[in-house]
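Let us read a few local features together, one at a time. Keep the viewer open.

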Amino acid sequence: MGSGGSQNHTLYTTEPTVHEPVHSDLGPEVDQIVDLLQEQPGETDSAELVAAQAEQPGAEHLEKFHELLDEIKTLKEGPAYHALVEASDEDDELTWYAELQHASKLADHHLINAVAQGFPADQGELLNDLKGKATEEALAELDDEQLQKIAKNHGFLYPELVGLNHPPGANHALVHWLDPHYLPETDSKAKIQAKAQERFTQLCAGHTVAGKTLSDVDHSGYGTGVWTVSQEQYTALCSTLAQQAEAFPSLPAAERAQALADLVDAENKIFTASIDGIDTASLSGSKAEATIKVDETMAWFFPTSSEFKVAVQAAQTQGHISAEQAQVLPGAAAVQLGRASVPQTEKDDIIAVADKRIAQIAQAKMWHDTLMAPGGLIAFTDEGKLTMPSAADGKAQVEEVVLLATAAQKYFAAKKDASAWMLKASDTIGLYAQISGADAHGGDPLTPDDLAKKFKAWAVSQDKDTLIQAAEKLGMTGAVAPTKATKTTAKMFIAGVWGKDPGSGLPSSDINATPAQTPKKKPAPTPPATPTKAPAASAPTAVTQTSFGGHHAKLLDALKHYSGAALDVPKPVDAKIVANHDFGAGTSATNLGGVHSKSLHTGPDGGQWLFKPDKKTKGARAAAEAAASQVFQAAGVSAVPVYTAKVGGHTGAVQPMVKGASALAADPKAWSQADVDHLVRAHVAQWVMGDHDGHPGNILKTPSGGLVPIDAGQAFKHYGTDKLSLDYHPNAGFGAPRPAYQQAYQAAAHGGLASGVKIKPAVAHPVIKKLESIPDAQWRAMLHTTAHRGAKNPEIGWVPHMRQRAATQHKIPVDKVTPTQIAETFLDHACERKNTLRQSFTDFFTKELKLPGADILKYGA
């Protein structure tokens, strides 16, 4: 119950509704909102699309998509017909709906994969629209009782109270709520449930809604008692609350915060009370009346009013809300989490908003600290001048300038995201202090213009070639040859980088462009003042609420990872060219971190390359890292190409650098669904080669949004002795973080991922399929150098175990095993691991992680 949706809007920046008709005294009709959201574009001939897609990229996935689309269309015949075709002992309506959900979900899976493999996104949109039309039409064939039955089975409260006055010919509201084409977490679906709850509260208070009374609605479970009182005690509680609510308006301002907390406490006691011998359902009216009085009292204040502070503290003490959540939420929303009458669905929505905000603050603070915390990239003198502490003799290197610009861009974008809602948080001042940059900047918040001015002044003392090369790495090109670029154009370009969001592209790439030629974004309109009384929640925009909008956004996010990494990662170079290239002396790269020495050189493609000498194992570890990059590529996981080469007399691993990339955020709450999907896919490839060192620091986020694993120097190290388990972390003794995939799995199990982000076992399937389809002979050839070079070196971690295996296999003493036998045993194990990937991950996801639906991997989902 709670506010019946009347408070939830305070969490969001909303837009005016696109339609304003009122159909009852209960506010805007939610069914009309649904009808607006369900408007579909003109029909497209599916047969024409099928013919056009026969030779398209992703053809296999498209074929399966169309099979599933036909299956959805067949379901339009209804549950009774489906029961005749697919006999079952289960309930006809529920079985029918389960089939609809399953077919829709699989169709989404295949369409996303088709687009990821190159099928045009605009055609994917058309197919997605066709699927949405089919699911809607199937549900629209059900009668009201069938819709209510299915909705109630799936957790909808009081389904009898929606769809009461939709226009003739329009779909019932539950058609939208049940439609699997629409994302379950959309605002439009939440509004339908909120409307039912609002109407139920009115019924409990003695009103009628569309001719219905409380007796017409199944309200078993409402206000279920968790403690027992006598009739006299219950009556006294209700009487006390009524008196407190009546006296509230006349209280002095200083007493209202405590009085509001007392009202919420009294409401909680009433709502959770039961009386021996009396049916709890008969108490619904008095419980609803208490809830309405608290709603009315809360509506006296702005959502961020300090009057909510005492009630929020009580909710924290009782464990309903964390300190971090209370800090980022408006007080009114935080109080809702401590009210027993507020439905869990509404609380989940509030928590999701809080968690998203916490992640945004964490992201902004991470880039703030990277940029200007003590030990960061930049600092400011007492006179306000910019300095770069890491620059030797005050002269920065190219990569340092690139990193400065990239970090500044990320910081200001993250700060902007957080600032969009910060004025509506309970602790605006405390939150802003964490990310404003004021501490580093002499007490004043750092703005993009401030940094641009100070950077330009600092750049005067920097080398011309350094600035030009940095600008080129950041994307400065143009009709004028690079030799004609000037120091001024370079510094102006770099200073414009952080004026753009990371995903919106860099400033004008023409070196002749001046700042005046670079268009500026229009400032966002000033949001309207928050009213003292809560207005009806405004309608969400269709594009963000439909399944198409949500699925397509996720599809584009997935594509951003697929194509973003592919675009940003340098293209492979012939290994012979790399081996014969003169890399020169290079410069130290110790600033890049890690425990091994490394240096930067100019590679065969003219770009910057990283070299890591392999002195200890004489090239065996380097060969393993090179093989690991081939495994990633064979698995369809974008990775930096790695080669073995001799530089400065030492054999080692050499690879091109990824421009503008940064390490994956350390906090799992900052990871998107596409990030987590990548980690699951990469986990398959990392397991097949026994790499357990893929922590966030060894994963790059590219400028286009993709993720790229790096530093696979531990590939195969624990081969044969490792385990596919959350408990296996061989680097724990060295203080190393857990692999990112383990962190994702653990975070998912304990609510540590961002709202809506989940572990999806199905995304592992394309990687499993690619790897298991590699013939054993080809697989052995890919790993031949790793096996035979490693077998000759006792410093390689997997050698002792494979030596023991070989001795057992050949029935000879361990000291008689030859390097060739060790290598062949290694390759036998590699084939075994590749060929058991499907079963291994099915077991891991189902038995250890206990993820629903993971067993679908066994059947090639």
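Q: Which residue follows H27, and what is the sign of its phi?
A: First, a caution: this model is predicted. Gly 751 follows H27, and its phi is positive, near 70°.

Q: How is H27 placed, enclosed or open to the outside?
A: Count the buried residues, meaning those under 20% relative accessible area. H27 spans residues 740-749, and 7 of its 10 residues are buried, so the helix is largely enclosed by the rest of the structure.

Q: Which residues of H27 are buried?
A: The buried residues are Ala 740, Tyr 741, Gln 742, Gln 743, Ala 744, Tyr 745 and Ala 747.

Q: What do the buried residues of H27 pack against?
A: Their partners are two helices, H26 (673-688) and H33 (837-848), together with strand E13 (699-701).

Q: Where is Lys 395 found?
A: Look for the loop that joins strand E6 (386-387) to helix H17 (398-422); Lys 395 is there. Partly exposed lies between 20% and 50% relative accessible area. Lys 395 has 34%, so it counts as partly exposed.

Q: Which residues does Lys 395 contact, leaving aside neighbours within four places in sequence?
A: Contact means heavy atoms within 4.5 Å. On that basis Lys 395 touches Glu 400, Ser 461, Gln 462 and Asp 463. Asp 463 is 68 residues away in sequence, yet the C-alpha to C-alpha distance from Lys 395 is 7.2 Å.

Q: Which residues form a nonpolar patch on the surface?
A: Tyr 81, Leu 84 and Val 85 do, with about 340 Å² of accessible area together. Val 85 belongs to helix H4, residues 79-85.

Conventions
Residues numbered from 1 in each chain as written. Predicted model: local features only at pLDDT ≥ 70, side-chain atom pairs only at ≥ 80, totals over all residues. Heavy atoms only, no water. Buried < 20%, exposed > 50% of the residue type's maximum accessible area, 1.4 Å probe, protein only. Helix = DSSP H or I, 4+ residues; strand = E, 2+ residues; numbered from the N terminus. Patch = residues over 30% accessible without salt bridge, like charges linked within 9 Å, V, L, I, M, F, W, Y side chains within 5 Å. Areas by Shrake-Rupley, 256 points an atom, 1.4 Å probe, with all protein chains shown as cover. Salt bridge = Lys/Arg side-chain N within 4 Å of Asp/Glu carboxyl O.
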